[in-house]
Amino acid sequence: MAINFSSLVAGLAVVAVPMAVFAAAAPSVESAAGDKVRIVRVVYGDFDLAESWVVPGGSPQKRCPIVLGFHLLEFDGRRVLVDVGCDHFEMEGRQARNFIRPAEALRRLGVAPETIEACLISHSHGDHLDAVASFPGAHVYIQEKEALSAGNRLAGRAVTTFKSELELYGGRLKMVRSGGHTAGHSIVLVPGMADGRTAVIAGDAVYSRRNLEQRLPTPTTVNADESRAFVETYSDPRYRVYLCHD
């Protein structure tokens with residue numbers, strides 16, 4: 001049975017959490033030598049979800065560990081984020097572990113937040129969008145339905161929206177609406193990696209690499225057909241898929 005995350009996300013509360021209770025989460029560098037676009041997943045905390053949120057038929061009692069992450073892309077002297085994380089995280093009455101604010105996580109990598117020129121947002125859920133205020137000089141790119149659901153979080157920002165797809169930087173990056181997890185959920189394609197594959201920064205199209213390895217669509221979806229189409233397409237070895245939560 002598909003889980004409608006639009007109703008469940010109400011359980012994600014934005015709360016003030018004392019930073020002293022958390023240790024810094026370590027980033028993981030994921031790009032390969034020779035890639036023209038350097039891709040770094042920045043991990044800013046960890047949590048766990050019921051298995052029933054992660055794979056079809058999963059147990060509501062079994063917990064699956066996840067990380068909270070977003071991606072930094074560096075190319076041609078530019079710095080671009082795919083998603084931006086959130087500054088505070090609590091879900092199901094529990095706080096994230098090993099939490100650090102996304103802007104601070106970048107600083108510890110030697111990346112000043114003011115050097116980020118663009119934020120490509122996969123969807124409007126809080127753990128992917130809410131820290132956008134930490135990057136006030138960045139242009140925001142987001143699918144039109146997700147922009148509407150973002151509400152006043154994008155007020156006063158330079159924003160470009162799109163319906164189905166949007167090429168950026170002369171085709172170096174491409175945003176594509178995948179749907180599934182949310183109505184306008186989008187992925188970012190980075191063609192021409194060093195190994196000949198296309199990198200896919202997947203947002204929340206799936207939570208776990210298990211979804212791709214076993215071709216199991218996420219049950220945390222508003223459109224099961226679109227979620228199934230994602231795993232059927234991007235489980236192909238021609239793609240190198242980067243996940244936010246695994």
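Let me start with one term: a contact means heavy atoms within 4.5 Å. Now use it. Among contacts in this protein between residues at least 6 apart in sequence, 61% join residues at least 24 apart. One caution before we go on. This is a predicted model.

First, the overall picture. The protein has 246 residues, and buried residues make up 53% of them. Its secondary structure comes to seven helices and 15 strands. The protein exposes about 10300 Å². Carbon and sulfur atoms supply 50% of that area.

Let's go to strand S4. It covers residues 63–75. How many of the 13 residues of S4 are buried? The count is 10, so S4 is largely enclosed by the rest of the structure.

Who are the partners of S4? Take S3, residues 38–50. S3 and S4 run antiparallel, and 12 bridges join them. You can find one spot easily: Ala50 stands opposite Arg63 in S4. Next, take S5, residues 78–82. S4 and S5 also pair in the antiparallel sense, over five bridges. Here, look at Phe75, whose bridge partner in S5 is Arg78. S4 and S5 form a hairpin, with two residues between them. Asp76 sits in that turn and has a positive phi of about 50°.

A word of background. Strands of a sheet pair through backbone hydrogen bonds, either parallel or antiparallel. Side chains matter too. Side chains of opposite charge can pair when their charged atoms come close.

So, salt bridges. The count in this model comes to 20. Start with Glu74 and Arg38. Their closest N and O atoms are 2.8 Å apart. What does this pair tie together? Glu74 lies in S4 and Arg38 in S3, so the salt bridge links parts that are 36 residues apart in sequence. Is Glu74 buried or exposed? Glu74 has a relative accessible area of 18%, and buried means under 20%, so Glu74 is buried. Arg38 is partly exposed, at 36%.

Glu74 has another salt bridge. Its side chain meets that of Arg79, at 3.0 Å from N to O. Arg79 is partly exposed, with a relative accessible area of 23%.

Now a pair elsewhere in the chain. The side chains of Glu104 and Arg108 meet in a salt bridge, also listed at 3.0 Å, N to O. Glu104 counts as partly exposed, with 27% relative accessibility. Arg108 has 53%, and exposed means over 50%, so Arg108 is exposed.

Salt bridges can also join up. Which residues are linked in a network here? They are Asp46, Asp48, Arg63, Arg94 and Arg97. You have met Arg63 already: Ala50 stands opposite it.

What about disulfides? The count comes to zero. Still, look at two cysteines. Cys64 is buried, at 14% relative accessibility. Cys86 is buried as well, with a relative accessible area of 2%.

Next, a sheet further along the chain. It is an open sheet of five strands. The order is S11-S12-S13-S14-S15, and the pairing is mixed. Which strands are at the edges? They are S11, residues 165–168, and S15, residues 239–242. Each of these pairs on one side only. Neighbouring strands of this sheet are turned by 20° against each other on average, direction ignored.

Inside that order, pick out S12 and S13. S12 covers residues 173–177 and S13 covers residues 186–190. They pair in the antiparallel sense over four bridges. To locate the pairing, find Arg177, which stands opposite Ser186 in S13.

Last stop: Ser227. This residue lies in helix H7, residues 224–234. Ser227 is buried, at 3% relative accessibility. What does Ser227 touch, leaving out residues up to four places away in sequence? The list is Gly180, His181, Pro217, Thr218 and Thr221. Take His181 from that list. Ser227 and His181 are 46 residues apart along the chain, yet their C-alpha atoms are separated by 6.9 Å.

To wrap up, keep two pictures in mind. S4 is largely enclosed, with 10 of its 13 residues buried. And Ser227, buried in the model, touches His181, 46 residues away along the chain.

Methods
Residues are numbered from 1 along each chain as its sequence is written. This is a predicted model: local features need pLDDT of at least 70, side-chain atom pairs count only at pLDDT 80 or more; totals for chains, interfaces and linings use all residues. Side-chain values use heavy atoms; hydrogens and water are left out. A salt bridge is a side-chain nitrogen of Lys or Arg within 4 Å of a carboxyl oxygen of Asp or Glu. Buried means under 20% relative accessible area, exposed over 50%, partly exposed in between (1.4 Å probe, protein chains only). Two strands pair if DSSP finds at least two bridges between them. Axes are lines fitted to C-alpha atoms, for helices over the stretch in contact, and angles run from 0 to 180 degrees between N-to-C directions. A disulfide is a pair of cysteine sulfur atoms within 2.5 Å. Accessible areas come from the Shrake-Rupley method with a 1.4 Å probe; for residues, only the protein chains shown count as cover.
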